[in-house]
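Biologist: Got a minute? I'd like to go through this one with you.

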Amino acid sequence: MKKQRCSEKINLFDLLSEEIVFIILDCLNTNPFDKKSFSLVCKSFYITESKHRKKLKPLRQEHLPAVLIRYSNTTHLDLSLCPRINDHSLFAISKITSFTLQSIDLSRSWGFSSSGLLSLTLSCKNLKEIDISNAVSLKDAGAAALAEAKNLEKLWMGRCKMVTDMGVGCIAVGCKNLKLISLKWCLGVGDLGVGLIAVKCKEIRSLDLSYLPITNKCLPSILKLQHLEDLILEGCFGIDDCSLAALKHRCKSLKVLDMSSCQNISHLGLSSLTSSIGGLQQLTLAHGSPVTLSIANGLKKLSMLQSIKLDGSVVTRAGLKAIGDWCVSLKELSLSKCDGVTDEGLSYVATKHRDLRKLDITCCRKISDVSITHVTSSCTGLTSLRMESCTLVPREAFVLIGQRCRFLEELDLTDNEIDDEGLKSISRCSKLSVLKLGICLNITDGGLAHVGMCCSKLKELDLYRCVGIMDSGILTIACGCPDLEMINIAYLKDITDSSLLSLSKCSRLNTFESRGCPLITSLGLAAIAVGCKQLIKLDIKWCHNINDVGMLPLAHFSQNLRQINLSYTSVTDVGLLSLASISCLQNMTILHVKGLSPNGLAAALLACGGITKVKLQAAFKQLLPQPLIDHLQARGCVFQWRNKVFQAELDPKSWKLLLEDTVP
Amino acid sequence: MDLKEGLRAETWAKSSLAENEMSKRISSNNPCFTDFNSQQYQQKWEDPSILDYDIRINPAFQEFNQPPQNQSSLPCDPTNQIKNPFQMNENLQTNKMQDWDPKAMLNNLSFLEQKIHELQDLVHLIVGRRSQILGRPDELVAQQQQLITADLTSIIVQLISTAGSLLPSMKHTLSAATPSMGQLGQFGGVPFPPGAGLSDSIQVQNSCAKKVSNQSNPIDLVGNSGTQQNHAVEEHDLKDEDDADDGEQLPPGSYEILQLEKEEILAPHTHFCTICGKGFKRDANLRMHMRGHGDEYKTPAALAKPHKESSSEPMLIKRYSCPYAGCKRNKDHKKFQPLKTILCVKNHYKRTHCDKSYVCSRCNTKKFSVIADLKTHEKHCGKDKWLCSCGTTFSRKDKLFGHIALFQGHTPAIPLDETIKGLAGPSDRREGNEATSKIGSTNFNFGSSVPNGTGVSDMDAKGES
C-alpha cells in the first residue's frame, strides 16, 4: 500500500512541469521548515527545491561553497548571519554565482578586504545590490573595488567611516546606474564626493547623506537630479539657512525629505526649501528647531504633503494651529516626545485632518480626554495610534478609542490608565495586530479575555509588568490569537506553567519574554520548545525554577533559536552544553548562573560554532583560559564582561515606588 | 596764475622765442647749481654711511627751520619748482609740435592747472601746520616734502605724456617713448635744486652751511621717492607676469594694436645701454648700470624709474597682437583677443608657440617654456597628491573633482600604498574601530564605548537589558 501511494505521488508530480511546482513552492512561505521537508521527500524534490530557491541566508561561512553549489539559482545572498566572511569565501561566491548573483548583504560581516570585494564585483556582472554597511575598516581601495560593479543599482555603505571623497568618487564614476546610495555616517565623505555622485549618477532615486560633513556646496547639484525621490539629510550640521535661501533650482521629483536634527536650519531655510520642492509627500523634521507659526506657514506650500514627523521638537500652540489650517489633508502625523502639545492644539489639528491614518503622540504628557475625544471623533480611519505615557488621559477616554476607531491595526497604550472597560471596547478593533499594554496596571484577565476573543489577528502583545494578568488571561489570548508571533509577559509574577502550555499552541511564536516569572518551570519551557519551533528569541531571566530539564528539549526542538538570556536561572554546565547543539545560536547572556563552572562554559562556548556575542560575569574573564578567548574572538565572537551585583530577590514593589518617584 | 597764463600765451605765440629764452635761462642758471649738485652728490656717494650724513645735516636743518623769515620763503619754493619744469616741458613740446589737437591740449593743461592748484593748497596747509608744530620738525618735514615731490613728479609725468602724445614717434613704438621719458625725467629732475635755490638765492650766498642743509633734503627725498617708485613698478611687473587675461571687452578700434616681431619677443634683453651696448632685462638694472658711465647718470632723477602715465589720461589704450598667424591672439583672427602688455605677449608666445624646454628636475615629466612657470611648479612639485586615472595630478582635491566631473571615464586614482595595504592584511574590524576613533575628531561616539564592540554587537543591542 505504502509503495503504491508513493509511486502514485511521484507520477503525479512528474506530470507537473517545473514551473508549476515552483508556483506551489512559492506558497510555502509561512514556515521555513516546510520547504526543508519538501526537499527531503525524494531526490527529484530535492533537485526541484534547490533550483527553486533564490534567496539564501546561510549561517556559517564554512558551508558556503557547498550551499551555493546546491542552490545554483541563488540571486540574493544574505550573509547577515555570518559574522566572519573572509576573502576566500568571497572568491568562492564570485566563482560559483558569477552569473546569477544580483544582491549580497555583507552588513554584519567582517574579515574581508578590498581584494575579495574586487573579485566579487569583477566576476558577478549582474550584481545590482550590495550592502556593505558597518565595514568600518573599508578604505578607498575597497570603495574602488565596489566601483567595478558596473550594473550596481543599490549600495548601502553606512558607517564606512574610512572611505573618503576619493572612494566615493570612484563609485560615482564606476556605478553609473546607481539608483540608491546610503552614505550615512561615512564621515570621510564631504561635498566633493557627494557632488560627484550627483553629477555622475543621474539615475539616483534615493540618497541618504545622514551625518555627513557636507555643506551647501553640494546641494544645488543634488537638487538637479531628475529622478531624486528620497533625500535624507539627518544631522547635517553644515547645512544652514543661507545655503537653502540660495537654492534656485526646483526639484520636482522629490517626495520624501528627512531633515531631522539639522540644528542650523530655521523656518527661513525651510520656507525657501519648500518653495523649491512642491511635490513633497513626506517630511521629517525630528529634533529640529521649534515648530512655530512661521515654520508651519512655511510648510503650507507643500500641497502634496501626506506625512509629517516632528518628533522631539518643541511645538507651539500657534504652530499646531497653523498645521491644522493647511489645506492639505495629512495621513500621518508624528508628535512623539514633542514639548508643548496641548489639548487645544491637538484637538484643532485632529478636527482639520480627518483622513489621518497614523498618529503618534507618545509622551505628550499634557493631553487629556479632550484630545482623545476630538481625535477619535474626527479621525475614525486611524490605523495606528501610539500614545505611550499619556498620563493625563483618564480611563474613560480609552473606551472612546474602541468605539470610534474600528480600523486600528497598531495600538500602543504603554503606561496608561486603561482598564478592563477600555480593553473591552478596544477588542472591537478586529484588525488589531500589534497591542502594547506594558505597565498598564489597571487591566485584569477579564479585560484581556475580550481581546483574546475578538482580536484574532493579533501578532504582537506586550504585557510587560501588567501585574493584574494571570493564567486565565494568557489562556484566552493563546486560544484566540493563533497568529501570535511575539508575547512579552515579563514580571507577571502569577504566571505559571499552564500559561506556557497554552501558549505552546501558537506555533508561529518567535519571541517569548518571560523574564521575572518565578513560578514557571522547565516543564512549561519544554512545552514552548516543542510547540513553538520557530522560536528565535527567548528571555527567561529570573526564572529560578528553570533548569537543565528545560534546556534539553529547547536544544532539541528550537533549532531556530538565535538569542537567549539565561541569567539567574538554575541551568548548569549540562544544560548549556546541550544548547550548543543549536546551530543558529548567536547571542547569549549568562549572568549569575550559579550552576555554571568555567570548564563547562568553555566547552559550551567552543561547541557553539556560530556564537557572535556572549555577555558574561566579569569574574569569568580570569577563569577562562586566554587562548580560548582569543580563539573565540578570532571566530567572530564578542565578549561583554559585566560586573553586575547579584540581586538576591526580584522586588517589583520597590520598582513601582521608583517609577512613581520619577513620574510626577 | 597770471604768471602761468602769461607763460602759456608766450609759449604758444612765439615758441621759438620762448625756447631760446628758456634755454638761455637754464644755461645761465644751471652752471652754478649743477656744480653745487654734483658737489653734493659726490659728497653723498663718497660718504661711507648715509646715516652719518643725515645726522650731520639734522642740526643744521633745525637751525634753518627756526628763523621765521626762512619759513615764509618756503611757500614760494614749490611753485617755483613747478614753474620751471613746466616751462621747459612746454618748450620741449613746442619743439616737436607737428600735428596736435589744441583742444585736447587745452584740456590737458587745465587738468594740470587744477593739479597744481591742489598742490598749492597742500603746501599752504603745510605752512600753516608748521607754525603750530615745532617740536619734531625733521620727521614731519620729510613726510611733507615727500608728499610734495610725489605730486610734483606725477604732474611732470603728465606733462611729459601730454607732450609725448604729440610726438609722432611715440605713436608707433613704445620702446621709443621710454628713452625719451627717461630723458625728460632727467630734465625734470634737474630743475628742483635750482628752483629752490632761486628763491633762497640770498641765503645761498649768505651761509654755505645752511644752503647745503636746505638743498640736501629735497635731493635726498627725490632719491627716496625714486626707489619707492621702483618698488611700485616691480610689483606691477609681477602682476603682468601672471598674464591675467580677465577677458576685458574693449570695443574693436577703441585701442591701438601693436605687434612685436618674433625675434623681438624672444630677445633675452630689451633694455640696452646706449654707451656700451650691454643688454638688460629690466630697465632698473640698466639704470644701475648707467651709473658707471658717469656722474650725470647718478642723479636721483636719472636713477628714478620714469613714471608711466596715470590712468586718468585720455590716451589711446594700447593692446598687443601675437605675431603667430592663426593664433587667437593674432590680430587677423576672427575672434581676436588682444594681449594687455608686452609681458603678456612674451609669456603667451613662449607658452603657446615655443618648445617647452624647461623640465622639472624633481618629477622629470612636467615641461615648461617660461622659466617662471617651472619655478612655480617646482615649488609645489611632489605635493600633488590628488591623482586622476588619466595620470594628471592636482595639488587640490576640489580641482581633481572638478576635472573628473568634466571628463567622461576619468576616475579618482587611489594611491598605490593604500591599495597594497588594503590587499595585504584582511581588514580587522577592531583595528578599524581604533583607527576611526583616532580620526574621529568629530563629536560622534559610536560603538566604541563597548570595549570590543563590533558592528554586529552594536546592531544587536536591542532586545537586551
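Modeller: Sure, one term first: helices (H or I, at least four residues) and strands (E, at least two) are DSSP runs, numbered from the N terminus. This is a predicted model, where local features need pLDDT of at least 70 and side-chain atom pairs pLDDT 80 or more, while totals for chains, interfaces and linings use all residues. Residues count from 1 along each chain as written, chains are lettered from A and ligands numbered from 1 in written order, and side-chain values use heavy atoms, without hydrogens or water.

Biologist: Which helices and strands of chain A each supply at least two residues of the second largest pocket's lining?

Modeller: Those are α3 (32-39), α4 (43-52), β1 (55-56), α5 (64-70) and β2 (76-78).

Biologist: And which gives the most?

Modeller: α3(A), with five residues.

Biologist: New topic: which residues of α16 in chain B are buried?

Modeller: In α16 (residues 371-380), B:D373, B:L374 and B:H377 are buried (under 20% relative accessible area; exposed is over 50%, partly exposed in between; 1.4 Å probe, protein chains only). They line one face because, seen down the helix axis, they fall within an arc of 100°, taken from the directions from the axis to the C-beta atoms.

Biologist: What do they pack against?

Modeller: α15 (342-353), β5 (358-359) and β6 (367-368) of chain B, with contact meaning heavy atoms within 4.5 Å.

Biologist: Which exposed residues does the face turned away carry?

Modeller: B:K375 and B:K379. Just after α16(B), B:G382 takes a positive phi of about 95°.
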